[in-house]
Protein chains: 2
Amino acid sequence: MTYCLAISVDQGLVFASDSRTNAGADQISTYSKMHRFGANGERTLVLLSAGNLATTQSVVAAIERDIRVEAKRNLMNVEDLGAAAEYIGGISAEEQRKHRSGPTSEGFQPEASFILGGQVRGGPAGIEHIYPEGNFVRASPSTPFLQIGEVKYGKPILDRIISNDTTLDAALKCALVSMDSTMRSNATVGPPVEYLVYQADTFARGTYDVLEEDAPYLLELRHAWSDNIRIAFESLPSAPTVIGADATVRHI
Amino acid sequence: MTYCLAISVDQGLVFASDSRTNAGADQISTYSKMHRFGANGERTLVLLSAGNLATTQSVVAAIERDIRVEAKRNLMNVEDLGAAAEYIGGISAEEQRKHRSGPTSEGFQPEASFILGGQVRGGPAGIEHIYPEGNFVRASPSTPFLQIGEVKYGKPILDRIISNDTTLDAALKCALVSMDSTMRSNATVGPPVEYLVYQADTFARGTYDVLEEDAPYLLELRHAWSDNIRIAFESLPSAPTVIGADATVRHI
């Protein structure tokens, strides 16, 4: 499984991804799911991937090849973020189609999902969710984050914290807390955790780091969050004593 | 969708269930998913249900009929909690089988899952997860809670808080926080919320209540949790400035 997320706030974008890949419980490997392109003062693009590893690797390889051979349409010359998402969605759908008709295709799942984020000069920074079918949706001001893979465990904290005026610093913290909750509840999502923070309108590489399982900040965050949640929980009001509760019991 | 959970701690048991049922987004209804039997000084049993509403209603009806006609084997005479789970699992599997071969059965999903909890005199209090196939597992000291339905959003808080020595009061608070997080993140899980707290070795009805959407305690808990989570989040350490982060960026 996989957990990747991207957050789009007024100040810019935050990306985070885990690195665990598994095909069955005994085939667990570590692969980066964060791919960066551009950052050349004209465009910055970040691609997060989930799903079939062969498909996502083929898609990234095709994107890189198109850039290398300066194909008529490639990620370095598409006119905006939407066009970039459409270009990648097309490659992804094509890659899946190729393998779906293979000799042992029963039960084979070539699907892959992507989050594409970044900024192309002339347009705003943004994030797009590219579906296995190749179509895509953009995050909106009222839904300022996107997730792919194992999305549910880490969603409540994003629902509660993230809004458009969240700072990049807080958005990064929130992304890492969301990632930590997911890793805690699902063993197939695991470190190292990669993150990238992109400040809007800089068209630069942004701040990138890889946090290994024992990275001091990740450990500090995990322990502080665990302690803080416990305190938050313990200071909640207790349920009132329900007087005469038995009266509401339906008899059989 | 549905969210039901049960927690088993040294002091006793806590049950909670939402009441929303949907067959498509425009067929939303309110049904109780908590069914109580016994509480006669000899046994107390609570059944939580998720899945196909026709199946779960048939199962409850069959259980009640067997008690009414004093069938040779019924919930009031099975010897322990495991036997009760096996009895209910058998009824559930049979009900599903009946309808699976109907005239328009393609795409039809008669599956239902249950949590059965309580205590039969002579045995300890406990909770069991009954699968659609009719088999079942009991919660263990290291996994002191069970969930059915939309389980993921509300799991992280249970993972962090619940252990065997958690008090019934804290377990109830935790169950309601878990329910609130799920209702917030999934629109198909909704109020009213029913809960029941059973104190071990009492064989009594326990404390039962139905919390409507605007129940003062539910609102108070929701707001306090929302505020506390925000404070817990804001007091987390910030990510260190990543000096020279650009150096780690892979160029394409």
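**Backbone oddities in chains A and B**

Mentor: This is a predicted model. Start with Pro192(A), which sits in the loop of chain A that runs between helix H4 (168-185) and strand S11 (193-199).

Trainee: OK, what kind of peptide bond joins Pro191(A) and Pro192(A)?

Mentor: A cis one, with omega at about 0°.

Trainee: And in chain B, where is Pro192(B)?

Mentor: Pro192(B) is in the chain B loop between helix H4 (168-185) and strand S11 (193-199). The bond joining Pro191(B) and Pro192(B) is cis, with omega about 0°.

Trainee: Why point those bonds out?

Mentor: Because most peptide bonds are trans.

Trainee: Switching to phi. What is the sign of phi at Asp201(A)?

Mentor: Positive, about 65°, and Asp201(A) is not a glycine. Most residues other than glycine have a negative phi.

Trainee: Where does Asp201(A) sit?

Mentor: In the loop of chain A between S11 and strand S12 (207-211).

Trainee: Is Asp201(A) buried or exposed?

Mentor: Exposed: the relative accessible area of Asp201(A) is 58%, and the cut-off for exposed is over 50%.

Trainee: Now chain B. What is phi at Glu70(B)?

Mentor: Near 50°, so a positive value, and Glu70(B) is a residue other than glycine.

Trainee: Which helices flank the loop that holds Glu70(B)?

Mentor: Helix H1 (53-68) and helix H2 (81-100) of chain B.

Trainee: Buried or exposed, that Glu70(B)?

Mentor: Glu70(B) is exposed, with a relative accessible area of 66%.

Notes: Residues numbered from 1 in each chain as written. Chains lettered and ligands numbered in written order. Predicted model: local features only at pLDDT ≥ 70, side-chain atom pairs only at ≥ 80, totals over all residues. Heavy atoms only, no water. Helix = DSSP H or I, 4+ residues; strand = E, 2+ residues; numbered from the N terminus. Buried < 20%, exposed > 50% of the residue type's maximum accessible area, 1.4 Å probe, protein only.
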